[in-house]
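Work through the short exercises below with the coordinates open. Each one has a task, then a solution in steps.

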Amino acid sequence: MATGNINVTAENIFPIIKKFLYSDHEIFLRELISNATDATLKLKHLSTLGEIKGDIGNPIIEIKVDKDKKEIRIIDQGVGMTGEEVEKYINQVAFSGAEEFVEKYKDKVEDSGIIGHFGLGFYSSFMVAEKVEIFSKSFAEGSKAVRWECDGSPKYTLEESDRTERGTEIVLHIDDDSLEFLEESKINELLNKYNKFMPIPIKFGTKEEALPLPEGAADDAKPETITVDNIVNNPNPAWTKNPTELSDEDYKVFYREMYPMQFEEPLFNIHLNVDYPFNLTGILYFPKLSRNIDQSKDKIQLYQNQVFVTDNVEGIVPDFLQMLRGVIDSPDIPLNVSRSYLQADGAVKKISSYITRKVADKLISLFKNDRKAFEEKWDDIKIIIEYGMLSEDKFFEKSDKFALYPTVDKEYFTLEELIEEIKPAQTDKDNKVVILYASDVKSQHSYIDAAKEKGYQVLLLDSPIVSHLIQKLEGSKENIQFVRVDSDHVDNLIKKDEQQLSKLSDEEKETLKPIIEEAIPKETYTVQLEAMDSNANPFMITQPEFMRRMKEMQATGGGGMMGMGNFPEMYNLVVNTNNELVGEILNTKTKKKQERLIQQAFDLAKLSQGLLHGEELTKFIKRSFQMVK
Ligand code: ADP
Ligand code: MG
């Protein structure tokens, strides 16, 4: 038997480790299973190289919990270690790794985020164990089995052992403040969280499995059961396979495997697969987003060689794709670094732009291959796409090929098609193509109707970030302008050269304007006299495009709107000087009657915009009843 001192400068690094990673204690199991997996993969590799004689069988990893003895065992059938290797890899490498890790990050606890996910390896076992034993026998012919023991101080014991099987068994003597890890349910939870897709089968206990009934068995015959290993993981998850091996159904099955609580099927998936200039595989799903379910639980999961790392992919996956689901697996993402470092990392930037490109390419091919199906999905995916167009320039550039602009009648155009379609009728006197849109079919019904009557196309753009998007489109495409249908009278939406003749003279107009202004709240409503078709309503309320858009952009954030103060609610009251009623208002001699007419017409205009509420509405109804008496 040999005892020795582990060569560390810090007298005792374990208290630091324990404190440092307080909330992340549970990662010990993942770390130990990762080591067992590495050792098993190494064995398989050596076997394929012919360096191991004989059959290695189908090695598995086993987890055993003994609550009474307060022990957790992690057993593998991998390459094992000789005494010398334990000295080297456990006493020196693992220790110095842990020490270095603590040195580097002890000041950065607040910035951790992703820190603590990786980097501690074997020594994370001391976060939950007061004593750790290793029993190991190397695959190398003639090597002797060893037992190593350490209680967390720099002192260790190393001696021969009578173990006969190849591989390593780690025995954790669980600390009294970590007894929760002796619960079967806790271990199951951890296995499910971190090890669900690891490449070597992991056994945790046994389970009963029903045998198929023999042919011709009676209907009520009970099938025989046998006891089998309870394998907790799927060692060959879909993302590790070649896309050509997978059917649509396989992708759906994998989606359910990842998100068992999701009942909606995903809309479509994107298989990622790249090995230069970085390694990355994965499958991303466009989910059907529903408003009432908490979206934040089922997120994209990040793996490293099939080991779960985190479901916080901020910085790695571009913001606009955070709403997607699925997995990315890359050994090239540096994990034991802070978020800010991660975002500045060159490889990570490349990964992020690769993902953006793949998503754009997928959207292009979906659009090309089955436009109808794509149009049907548009409503579910538009938010993500529009957000992407706003936030990623590369994505914006490609979006011309798949971004859709639906009309209120559910006809879908690309921007290019739309411009082609509306150009003849909707070009204004300055040669700009004016794209009309509505944000709500119900409340803007009369304006939509009026525009359609004129032969105009009206889009339905109803996502919350539309004002930002059209601002960006106007800024990057030549000669287009977006105007909401209710921002002016239909004759003014697209300004042409032709002028309607006014029934009122300039003088009469000058008399009329102050009369109306006096009867309505001036701070909110600007009176605008227009000579329009005599059949058009006498009064109508519009909200000028610019002010409304700025207000919306401010409300949804960004766009350099900070510090500009609040935009007030501003409307125009458009008065049709060619309408008979307006003539009557002008010519009414009794002041009282004149005021009443204005009030009534004004209220009707407000009513049609949904702006008449409360006391004003009550008064209006009373007045209306009196008028029909
Ligand atoms: P890392 O896995 O990053 O190398 P660890 O601290 O997890 O760091 O492990 C240190 C080393 O100990 C490993 O590289 C490996 O050589 C050895 N080791 C740990 N666990 C096992 C095991 N189950 N079988 C064989 N070797 C192991
Ligand atoms: Mg390790």
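**Exercise 1. Place Met 627 and find its surface partners.**

Step 1. The model is predicted. Met 627 sits in helix H18, which covers residues 614–628.
Step 2. Its relative accessible area is 37%, so Met 627 is partly exposed.
Step 3. Patch members need over 30% relative accessible area. Met 627 has 37%.
Step 4. Together with Ile 621, Phe 625 and Val 628, Met 627 makes a nonpolar surface patch of about 420 Å².

**Exercise 2. Decide whether Asn 230 is buried or exposed, and list its contacts.**

Step 1. Locate the residue: Asn 230 belongs to strand S9, residues 225–231.
Step 2. Apply the cut-off: buried means under 20% relative accessible area. Asn 230 has 19% relative accessibility, so it counts as buried.
Step 3. Leave aside neighbours within four places in sequence. Asn 230 then touches Ile 202, Lys 203, Phe 204, Gly 205, Thr 206 and Lys 207.

**Exercise 3. Analyse the salt bridge between Glu 62 and Lys 203.**

Step 1. Recall the principle: side chains of opposite charge can pair when their charged atoms come close.
Step 2. Check the distance. The closest N and O atoms of Glu 62 and Lys 203 are 3.7 Å apart, and the cut-off is 4 Å.
Step 3. Map the pair. Glu 62 is in strand S2 (residues 61–66) and Lys 203 in strand S8 (residues 202–210), so the bridge ties together parts 141 residues apart in sequence.
Step 4. Check burial: both Glu 62 and Lys 203 are buried. Lys 203 is also one of the contacts of Asn 230.

**Exercise 4. Describe the salt bridge between Asp 361 and Lys 398.**

Step 1. The closest N and O atoms of this pair are 2.8 Å apart.
Step 2. Asp 361 is in helix H7 (residues 346–369) and Lys 398 in helix H9 (residues 393–399); the pair links distant parts of the chain, 37 residues apart.
Step 3. Asp 361 is partly exposed at 34% relative accessibility. Lys 398 is partly exposed too, at 24%.

**Exercise 5. Do likewise for Asp 491 and Lys 454, then look for a network.**

Step 1. The side chains of Asp 491 and Lys 454 form a salt bridge of 2.9 Å, N to O.
Step 2. Asp 491 lies in helix H13 (residues 490–493), and Lys 454 in the loop between helix H11 (445–453) and strand S18 (458–460), so parts 37 residues apart in sequence are tied together.
Step 3. Asp 491 is partly exposed at 25%, and Lys 454 is partly exposed at 41%.
Step 4. Shared partners join Glu 474, Arg 484, Asp 486, Glu 545, Arg 548, Arg 549 and Glu 552 into one salt-bridge network.
Step 5. The whole structure holds 39 salt bridges.

Notes:
Residues are numbered from 1 along each chain as its sequence is written. Chains are lettered from A and ligands numbered from 1 in the order in which they are written. This is a predicted model: local features need pLDDT of at least 70, side-chain atom pairs count only at pLDDT 80 or more; totals for chains, interfaces and linings use all residues. Side-chain values use heavy atoms; hydrogens and water are left out. Helices (H or I, at least four residues) and strands (E, at least two) are DSSP runs, numbered from the N terminus. Buried means under 20% relative accessible area, exposed over 50%, partly exposed in between (1.4 Å probe, protein chains only). Contact means heavy atoms within 4.5 Å. Patches are made of residues with over 30% relative accessible area and no salt bridge: like charges are joined within 9 Å, nonpolar side chains (Val, Leu, Ile, Met, Phe, Trp, Tyr) within 5 Å. Accessible areas come from the Shrake-Rupley method with a 1.4 Å probe; for residues, only the protein chains shown count as cover.
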